[in-house]
Amino acid sequence: MMLTTAKLPQLTMVVAGWLGGLFTCLLFFQYNSRTCAPQYARPVQPIPTFQPDINKSVNSSNPISTTSGQTEEEKPILLLWFWPENYRWNFQDCKTIYNIDGCHLTDDRNLYNQADAVLVFHKAIKHDLSNLPPSPRPPFQRWIWLHVESPTNTPRIPGVENLFNLTLSYRRDADISVRYPLTVSKKPNEDFVIPNKDKLLCWFVSNVAPSTGIGTRMKYYNELKKYITVSIFGSMSGKRMRDEDYFPTMSTCKFYLAFENSIHKDYITEKLNGPLAAGTVPVVLGPPRQNYEDFSPGDSFIHIDDFPNAEALANYLLKLDKDDEAYKRYFNWRKHVRATPHLTYWNQEFTSYICHACEYIGRHKEYKAAHNIYKWWFS
C-alpha cells in the first residue's frame with residue numbers, strides 16, 4: 001500500500017516525537033544512574049537518638065545543654081568553704097575510693113551563689129565569724145556543719161548555733177553520719193587468717209596534750225604498764241610512724257589499746273576500726289560497752305570496764321597470750337562480718353566525711369531548717 005503525499009508530513013512528526021521521547025528517557029536513566037548508585041554502595045546510617053544514662057545522678061534544677069539539643073539537670077554543687085586543717089586531696093578520690101559521684105564538689109568560692117550546699121569546718125571558723133560565707137545566703141542553699149571532734153574538744157563560737165541546716169559528724173543522730181561500718185555476709189568468709197604476731201600489746205599515740213581530755217586514758221595506761229609491756233609507736237615514742245606502716249605494724253600486735261582521748265556517746269573512732277581490719281584484738285576505753293556493740297560484735301573487742309582494775313586486765317591479756325584457742329575465739333565474728341581498712345595517709349583524715357556529704361547532697365533536696373547545734377551537740 002502506498003502512502004499519499006499529504007500524509008507523509010504527519011507521519012514524520014509522529015516518528016520524530018517518538019524518537020525524542022526515547023532519547024529523553026535514556027538521558028533520564030543515565031543521569032540517575034550516576035547520582036544514585038554511589039548512595040546504595042555504602043551502608044545505611046541509622047538516625048541518632050538520645051539515650052539517657054539511667055545511672056547518672058540528676059539532682060539539680062539548673063539545665064545544661066546536651067549534644068542532642070535537649071537538656072538534663074546538672075549535679076548539685078557542694079562548695080567546700082575551708083579545707084579542714086588545710087589537708088588537700090583530689091576530689092576525684094570520692095569516685096575512685098567510694099564510688100561517690102552525685103555532686104559537683106568544688107572549693108571555688110566564685111560559685112557561692114550557685115552552690116546548693118556549703119560545707120563549713122567548725123574548727124576553721126574565726127571567733128568573730130569574719131571568715132564565714134557572705135550574707136544573705138541564696139534561699140535555696142543549705143549550710144553543713146562539719147565537726148569530727150568530741151564535745152570535750154569543741155570550742156563554742158558565739159553566733160554559730162543557728163546558722164546551719166545540716167550536721168556532719170561521727171554521731172549516729174547527725175544528719176550525715178559517717179562511720180567505719182562493718183559489713184555482714186551470708187556466705188562465710190573463707191579468706192581470713194589471723195596474721196603472725198611478734199608483739200603482745202601495742203599503742204599508736206601522738207596526742208599528749210592534756211587540754212584535749214587525755215587525762216583518763218593516760219592515767220589508765222600508766223597503771224597498766226606496771227603489769228604488762230606496751231609497745232609504743234607514734235610521736236609519744238619520739239618518732240612519728242609512717243602512714244604506710246600503720247596496718248602492717250598493727251597486724252603484728254596481738255592486742256591494741258584503742259583508747260579514745262575523751263569519753264562521749266558514739267565517740268568511737270578509727271582507733272577501733274584499725275585493729276579490727278588488721279586482725280588484732282582491740283582493748284577499748286571510751287563510752288560503755290553497749291555503745292561499742294552498736295557498731296561491732298561484742299566478742300570482737302575487750303572493754304576495760306569488764307575488769308575491776310588495770311592489773312586484772314593485764315593478767316587476762318597475759319593468760320590469752322598463752323591460750324591460742326581462747327585467743328582465736330576473738331575472731332569468730334570474722335566468719336560473717338568484714339572490716340574495711342580506713343584511709344591512713346595524713347591528708348585523708350576528712351576525705352570520707354566530705355565525700356559522704358557529696359553523696360547526701362546528691363540524693364536529698366528536702367528542706368531542713370537551722371536549729372541550735374550546740375543544744376544538740378552538748379546534750
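Buried means under 20% relative accessible area, exposed over 50%, and partly exposed in between, with a 1.4 Å probe and protein chains only. This is a predicted model, where local features need pLDDT of at least 70, side-chain atom pairs count only at pLDDT 80 or more, and totals for chains, interfaces and linings use all residues. Residues are numbered from 1 along each chain as its sequence is written, and side-chain values use heavy atoms, with hydrogens and water left out.

**View 1. Leu-129 and Lys-126 in the loop between E5 and E6**. Helices (H or I, at least four residues) and strands (E, at least two) are DSSP runs, numbered from the N terminus. Leu-129 counts as partly exposed, because its relative accessibility is 25%. Phi of Leu-129 is near 65 degrees, a positive value in a residue other than glycine. Pro-158 is 29 residues from Leu-129 in sequence, yet their C-alpha atoms are 8.5 Å apart. Lys-126 is also placed in this loop. Lys-126 is partly exposed, at 49% relative accessible area. Its C-alpha lies 8.0 Å from that of Ile-157, with the two positions 31 residues apart in sequence numbering.

**View 2. A cis peptide bond at Pro-136**. The bond runs from Ser-135 to Pro-136, with omega near -5 degrees. Pro-136 is in the loop that joins strand E5 (117-121) and strand E6 (142-146).

**View 3. The largest pocket**. The space in the largest pocket is about 1,600 Å³. Of the 47 residues that line it, Glu-270, Lys-271, His-342, Leu-343 and Glu-349 are the closest to its centre. On a 1 Å grid over the protein atoms alone, a pocket is an open set of points where a 1.4 Å probe fits, with protein on both sides within 12 Å along at least five of seven lines; lining residues have an atom within 4 Å of a point. Grid points are joined across faces, edges and corners, and the volume is the space filled by probe spheres set on the points.

**View 4. What lines the largest pocket**. Helix H2 (93-98), strand E10 (199-204), helix H5 (270-278) and helix H9 (351-363) each supply at least two lining residues. H5 gives the most, with three. By class, the lining has 23 nonpolar, 13 polar and eleven charged residues. Here Ala, Val, Leu, Ile, Met, Phe, Trp, Tyr, Cys and Pro count as nonpolar, Asp, Glu, Lys and Arg as charged, and the others, Gly among them, as polar. Why does the pocket lie between domain 1 and domain 2? Domain 1 (77-178 + 348-378) and domain 2 (182-339) both give residues to the lining. The domain bounds come from an automatic or database domain assignment.

**View 5. Asp-266, before H5**. Asp-266 is found in the loop between strand E12 (253-259) and H5. Phi of Asp-266 is near 70 degrees, a positive value in a residue other than glycine. Asp-266 is buried, with a relative accessible area of 2%.

**View 6. Helix H9**. H9 is mostly covered, with ten of its 13 residues buried. Among them are Thr-351, Tyr-353, Cys-355, Cys-358 and Tyr-360. The 13 residues should span 18 Å at 1.5 Å a residue, and the end C-alpha atoms are 19 Å apart, which agrees. The expected span is 1.5 Å times one less than the number of residues.

**View 7. Helix H7 and its buried face**. H7 covers residues 310-321, twelve in number. Its expected span is 16 Å, and its end C-alpha atoms are 17 Å apart, which agrees. Ala-310, Leu-313, Ala-314, Leu-317 and Leu-320 are buried in H7. Seen down the helix axis, the buried residues fall within an arc of 125 degrees, so they line one face. The arc is that of the directions from the helix axis to the C-beta atoms. An α-helix has 3.6 residues a turn, so residues three or four places apart point the same way.

**View 8. Two buried aromatic side chains, Phe-301 and Tyr-327**. Phe-301 is placed in the loop between helix H6 (289-292) and strand E14 (302-303). Phe-301 is buried, at 1% relative accessible area. Val-284 is 17 residues away in sequence and 7.1 Å away, C-alpha to C-alpha. Tyr-327 belongs to helix H8 (residues 324-328). Tyr-327 is buried too, at 4%. The C-alpha atoms of Tyr-327 and Val-281 are separated by 8.8 Å, with the two residues 46 apart along the chain.
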